[in-house]
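User: Could you take a close look at the part where the two chains meet? I am new to this structure and would like a connected explanation.

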There are 2 protein chains.
Amino acid sequence: MPNPKRPSLYTTPEDAEAAFYEALQKGDADALIAVWSEDEEVVCVHPTGTQLVGLELIRESWRSIFSTTRLRLSSALVTRWQDMLLAIHHLVETVFIGDSQTPHGPLFVTHVYSRGAHGWRLVSRHASAASENHESEPKSDGASRILH
Amino acid sequence: MPNPKRPSLYTTPEDAEAAFYEALQKGDADALIAVWSEDEEVVCVHPTGTQLVGLELIRESWRSIFSTTRLRLSSALVTRWQDMLLAIHHLVETVFIGDSQTPHGPLFVTHVYSRGAHGWRLVSRHASAASENHESEPKSDGASRILH
C-alpha cells in the first residue's frame, strides 16, 4: 500500500520540475517541499531578495507566501545542463497573482537538481526579477545540453 | 612557447572561479570571458535584471560595465554541489564600487561550471541583489557536497 507521506520518486529533473510547478499553482507548501532534497543543504533565493538556506526555512517561507497569495505561472526553458547526478535548468517565468491578467515579472530562474537515492530532487532555486525593459518574450528555441 | 591567446586550463571549478574574480577586479573583460565555456550556451543574469545568453553579449556587457566602473569585491561560499562534469557554487558577494568604502549588495550568486576538453569553465552566472534588510554577514561555515 503506498504511503501517502512518502514523496514521489522523480526519474528525471523534468518530472521534479513539473511537480514543483503543480504544487506552486495549487499553493500546496508541503507538496512543493516534497520536491526538494532532504539529504542536502538546499537554497532558495526569492525575487524579493531573500536567501533561505535549509528545508524548514524554505517551507515556512512558501507557507507564508501561499497563505496570502495565489499564484499562476508559465515557464519557458532557456537552457539546461545535465550529467549523471546534477541538472541545471535556466527558465523564464511569467507570474500572475490572484485573478489578475497582468503578468508580474518575468522572473529569471536557475533550478538545480541532484540525483540521489530518492531520484531527482530540487536542491536550489534562484529567482530574480527582470528589469522593466526586459523583452517579455523568452527565447523560444530553448537550447539544452546533456553531458555524457 | 605559450600562446597568450590560449585560455588557461582550469583543473578545478575553484581555479576557474578565482580567475573570474581576478579578471573582474582588474576590469579585464577579455580575461573574464576566457573563463567561460566556448562550447556551450552560456548565460549571465546581472543584478540589474538583465539576462544575457551567448558569449558575445556577455563580453559586450562586461566591457560596458568595466568602461565606466571599477569593482572590488569579496565573495563567501554558501554551498556547492559537484560531480564529474558539473559544479554549482552558491555565493554571497559584497561589492565596492570605485574607491567607496560603502559596500553595495550583498549579491546572491549562483555560478555553474562545466568540465570539458579545456577543463572547468563557467557556463552560467546568476546574480541578484539582496533586499535591504538582509543580514550583511554571510554564513561562514560554507557547506559543500561532492557527489561521487
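Analyst:
**Where the two chains meet**

Turning chain A by 180°, with 0.0 Å of shift along the axis, superposes chain A on chain B with an RMSD of 0.0 Å; the fit is by least squares on the C-alpha atoms of residues with pLDDT of at least 70 in both copies. The two copies are therefore related as by a two-fold rotation axis. In chain A, the C-alpha nearest that axis belongs to A:Ser128, 3.0 Å from the axis. Both copies use the same surface, as 100% of the contact residues of chain A recur in chain B.

A word on the model: it is predicted, so local features need pLDDT of at least 70 and side-chain atom pairs count only at pLDDT 80 or more, while totals for chains, interfaces and linings use all residues. Residues are numbered from 1 along each chain as its sequence is written, and chains are lettered from A and ligands numbered from 1 in the order in which they are written.

Now to the surface itself. Here 34 residues of chain A are in contact with 34 residues of chain B (contact: C-beta atoms, placed from the backbone, within 7 Å). Among the elements of chain A that give two or more residues to this side are strand E3 (71–82), strand E4 (86–97) and strand E5 (104–116). The largest share, five residues, comes from E6(A). Strands here are DSSP runs of E, at least two residues long, numbered from the N terminus. By class, this side of chain A has 16 nonpolar, 13 polar and five charged residues; Ala, Val, Leu, Ile, Met, Phe, Trp, Tyr, Cys and Pro count as nonpolar, Asp, Glu, Lys and Arg as charged, and the others, Gly among them, as polar.

Notes. Contact = placed C-beta atoms within 7 Å. Helix = DSSP H or I, 4+ residues; strand = E, 2+ residues; numbered from the N terminus.
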